[in-house]
Amino acid sequence: METNQIKKFAQEARKVLLEGIDNKLGLLGFDKQGYIAEEKMPVKGTDHIVFMGKVITDMTFYDKWMSLRERIIEKGIKEVKEEAAYTWFNRFVAIRIMVKNGFTEPVLEYQSASLRLPRIVADARRGIYAPMSESDRASLMALLDNDALITEQFTLLITNYCHRNPILSACFGSMDDYTELLLPNNILAEGGFVDMLNHTEFITEDDYRQSELIGWLYQFYISEKKDEVFASFKNKKKAEANDIPAATQIFTPNWIVKYMVQNTVGRIYLDNNPYAMDIKEQMKYLVEPAEPTPAEAIFHYDDIHSLSVADLGCGSGHILNEAFDLLYTIYIEEGYNRRKAIEDIFRFNLLGVDLDTRAKQLAMFALLIKACQKDNSFLDAHCLPRVLDMGIASKVRRLNADGGVAEPLTEFFAGANKELITETLDALALMEQADNLGSIMKFELSETTRTAIAMRSREWKEIGTDNFKIKTLLSAFDIILALTDKYAALVMNPPYMGSGNMNAELSEYVKKNYADGKADLFSVFMILAKDHLKENGKYGMINMQSWMFLSSFEDLRKSLLENTRIDNMLHLGPRTFDELSGEVVQNVAFVISNTKPLGNGVYYRLVDGKNCADKERMFLNVENMYSDVSQQNFEKIPASPIGYWLSRIFISIFENNPTIEETVSTKLGMSTNDNNRFLREWFEVSQEKFCTTQRNGIKQGNYKWYPYSKGGGARKWYGNVLEVINWADEGKELRDLASSLYGSCTRTYKNSQHFFKEAITWNLITSGGKNAFRFLPEGAILGDAGPVCFAGDKMLYYLGLLNTKIVSEILSLINPTINCSTGVVNNIPVIESSNEIISHNVQQNISISKQDWDSHETSWDFEENPLLSYINKEIAEGETGKSYKIESLYNLYTTDWEERFMQLHANEEELNLQFIEIYGLQDELTPDVPLDEVTILQQGEIKVDDNHIKFQPDVVVKQFISYAVGCMMGRYRLDKPGLQVV
């Protein structure tokens, strides 16, 4: 399936439909804001309607128009347009899918291409049409008298078709009565939506037979809405209930779905039926356990109906469809016929729940199409899959507001005790928030109450009812029963939404009920999954890898490691979803058993896969597999990150040695609260007011501007201090601002007692995840983006350690993000040793890096361009009156700086070697340092190619010319006697 092509179709279709509906609203009298002038409203007579100067004999028009107006007043015109566009989009796409699968006549295809006459209209003109109401038939007969009214004929016929088709009616329900008014007038025109469906090359014949097609189309259809929601997040807007579906919908790659389903549902079946080799051979993505599962850790079932599977964030049903396929295979293996297998799967085994009504409809449709592909007796929709949504919330709110639910509850239960009513009332009160909270709702029901609800729901459904209140209760109880049940397996791609984007009600509920997972909705669903599993059940999930490492998920990790077992894991990293570009979304898929951590797990490191298909290839080829991994080892590492790839030797380093926090001191500096006001580049301020001579941590002189440690680019050993801060009167103005903002300056004014001291510093925000620590001389004020480490007389040793591959490996485990805080660095284990080679190499690295930094005009210690240093050396030795060629100076420069570069490179590799020996990691790491990780000559002077450095003469000469121009402008003095450069 070529998803890029499908995306183009879905987005173009939405655009075409919305434009058509926008035009139709104009013809119906509404302006762009949804306002209607009094004179444009329809006037109802006894046998006709007058509307905008026209006489309309269809008396249903008035009621439909008024219904449209009320909906616009209630929801706004933008929402009404979206509703109508999507209604026609999903109906027509569903019809096209059924046609391509041979389940219905090609009612949308043109019988006459020149007239763009759809088959459904052509048939009606021959007297062939579906049963309809007498009023609709009368309207149709009147329309058929005029061959020019093709669009009007089509509108009536296709609306009736959608209502009469069992699958469309069962999955999508009836359309709002005003919706047919908004069928675009150009729906059959060249370039209109029906024309697009009939002639698109973006969807292939094979695509139409894939059950996930309609899900892909929906994801891409709402992608622009998703972009709008994420743009609003950047403007500090919180996600409202109707934003959540668009913000959290993402379609899971098919092979990853198969991995999750096969290692949950499939593994449970094989544990109970170890000789079912035919089914095992069909499960391409099944992971063999590192060791046999103990009998006490297996979910045992006697009846296949007990192999229940749920997706509590099912979206458009991709995972449900894969689970259905595997369950169907199992049922056939167990001797069921096709019809009975499908009916039992729908009734007993498979459940989907989603926040989004549209997604629920598509999931039902996809499952029914899959059922019909196996047995076309399901075309009558006599047995429906169990997929629930949260659209019932608005009806519950209406019911609670309209006289309350106590009376209908008494009728529902046919009389009930106080405890039963009280518990049920509490559950229904929570159901009012269903469209905001979704599946994370926790209902406090006793087993007695739950049993009573289940029993009476069955009885009411058997006898049937038209009572709105009872029907509302039944729909609400379906959700409540589903979310108070436990399942043998859960398989999910849960919603991803950080706590900062949650609305107030959602955020508060998550904090109260899912404290360990409150950082994100996906981690909430990890807790929810365990809560809804039967003992020894399994859940499979794909979500963000951040829970494996970040401190905000530490409590979640510890609870998971102590109370469940990780069966297997695919560490996918970036580029898992081909539709998402960049490195931000990094994923992991895994299977967890609801049992004590018995035995070891199997892990696959697929982070280097170039795209989703490459990761699949690596998995199937068993590349980078780590078997026999004990999750108890993770708890030996500070904060318990999931460091599955670490050897026992590496883990012992964490277990047996102190951390940086226990040996030296790290600090974070202050925030200015207004960088534009208090910070400048050093060359922007008066040099008379700029102090660069601080020593021993003591403020000297009456200066205004002082060096400010603020991070910068990725640079090791020395450099990156460019900014200065207004510190007049010891920062009084800055502290006053902080006090006015927060009531006290201490919130942002921190660790001033450590200002101006010698330290090790690094960037809070790293570049490419590389560790780059450097020496910070005395004299700087500490900023919040440049944390520091005070190591005293151990400074050289610690600086050397922090720039090694050992620390790089550790940081990739405990902090695989771009944010390297003091808390992260504090967890680095330290083995101290007295080593002169380390001290000498670090000192030399600082010196070389300082020479490089000071050779550029961006350093306040810059004195002269490095090309001139060779001339000045000769002048100092008495050589005068001599001319020099740029070429000769350049050759001297490249020879000298290549030697320094290679010396720095050799020193870094020697430091790696020394520390690898100190840490006993000779079998784990090599000392090699790629040349492109050496951080001098960063202003374009060199390029690294094929592990060689190549100087760029144009860059070097331009730097020299810049210096010469500066001299002519008086920025520098060029007063060496007898100097001539040609």
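The expected span of a helix is 1.5 Å times one less than its number of residues. The exercises below use this and a few other cut-offs on a predicted model.

**Exercise 1. Helix α3**

Task: Compare the reach of helix α3 with its expected span, and state how many of its residues are buried.

Solution.
- Step 1. Helix α3 covers residues 77–100, which is 24 residues.
- Step 2. From its first C-alpha to its last, α3 reaches 35 Å, close to the 34 Å expected at 1.5 Å a residue.
- Step 3. Buried means under 20% relative accessible area. Of the 24 residues of α3, 21 are buried, and the helix is mostly covered.
- Step 4. Just after α3 comes Gly-102, with a positive phi of about 75°.

**Exercise 2. Two helix pairs**

Task: Decide whether α3 and α17, and then α19 and α22, are roughly parallel or roughly perpendicular, and list the residues in contact.

Solution.
- Step 1. Two packed helices are described by the angle between their axes and the distance between the axes.
- Step 2. For α3 and helix α17 (residues 357–374), the angle is about 5° and the axes are 12 Å apart.
- Step 3. Angles under 35 degrees count as roughly parallel, and α3 and α17 are therefore roughly parallel to each other.
- Step 4. On the α3 side the contact is made by Glu-82, Glu-83, Tyr-86, Asn-90, Ala-94, Ile-97 and Met-98; on the α17 side, by Arg-358, Gln-361, Leu-362, Phe-365 and Ile-369.
- Step 5. Sorted by class, the residues of this contact of α3 with α17 are 7 nonpolar, 2 polar and 3 charged.
- Step 6. Helix α19 (residues 406–413) packs on helix α22 (residues 447–463) at an angle of about 75°, with the axes 9 Å apart.
- Step 7. Angles of 65 to 115 degrees count as roughly perpendicular, and α19 and α22 are therefore roughly perpendicular to each other.
- Step 8. α19 contributes Glu-411, Phe-412 and Phe-413 to the contact, while α22 contributes Ala-452, Ile-453, Arg-456, Ser-457 and Trp-460.
- Step 9. The contact of α19 with α22 holds 5 nonpolar, 1 polar and 2 charged residues.

**Exercise 3. Strand β10 and its partners**

Task: Give the sense in which β10 pairs with β9 and with β12, then place Met-544.

Solution.
- Step 1. Strand β10 (residues 533–544) is mostly covered, with 10 of its 12 residues buried.
- Step 2. Strand β9 (residues 487–492) pairs with β10 in the parallel sense, over 5 bridges. Leu-490 has Tyr-539 in β10 as its bridge partner.
- Step 3. Strand β12 (residues 587–593) pairs with β10 in the antiparallel sense, over 7 bridges. Here Ile-542 stands opposite Ala-589 in β12.
- Step 4. Met-544 belongs to strand β10. Its relative accessibility is 18%, so Met-544 counts as buried.
- Step 5. Met-544 and Gln-586 are 42 residues apart along the chain, yet their C-alpha atoms are separated by 5.7 Å.

**Exercise 4. Two open sheets**

Task: Find the edge strands of the sheet of 5 strands and of the sheet of 4 strands.

Solution.
- Step 1. The open sheet of 5 strands has the order β15-β23-β20-β21-β18, with mixed pairing.
- Step 2. Its edges are β15 (665–667) and β18 (717–718); each has a single partner strand, so one side of each is left without a neighbour in the sheet.
- Step 3. Within this sheet, strand β20 (residues 759–761) and strand β23 (residues 788–790) run antiparallel and are joined by 2 bridges. Ile-760 stands opposite Cys-789 in β23.
- Step 4. Helix α32 (residues 795–802) lies across β18, β20 and β21 (774–776), and runs at about 10° to β20.
- Step 5. The open sheet of 4 strands, also mixed in pairing, has the order β16-β19-β17-β22.
- Step 6. β16 (679–681) and β22 (781–782) stand at its edges, each with a single partner strand, so one side of each lacks a neighbour in the sheet.
- Step 7. Strand β17 (residues 705–709) runs parallel to β22, and 2 bridges join them. Tyr-708 has Ile-781 in β22 as its bridge partner.

**Exercise 5. The hairpin of β25 and β26**

Task: Describe the pairing of β25 with β26 and the residues between the strands.

Solution.
- Step 1. Strand β25 (residues 942–945) pairs with strand β26 (residues 948–951) in the antiparallel sense over 4 bridges.
- Step 2. Ile-942 stands opposite Phe-951 in β26.
- Step 3. The hairpin has 2 residues between the strands, and Asp-946 takes a positive phi near 55°.

Note on methods. Residues numbered from 1 in each chain as written. Predicted model: local features only at pLDDT ≥ 70, side-chain atom pairs only at ≥ 80, totals over all residues. Heavy atoms only, no water. Buried < 20%, exposed > 50% of the residue type's maximum accessible area, 1.4 Å probe, protein only. Axes fitted to C-alpha atoms, helices over the stretch in contact; angles between N-to-C directions. Parallel < 35°, antiparallel > 145°, perpendicular 65-115°, else oblique. Contact = heavy atoms within 4.5 Å. Nonpolar A, V, L, I, M, F, W, Y, C, P; charged D, E, K, R; others polar. Pairing = 2+ DSSP bridges.
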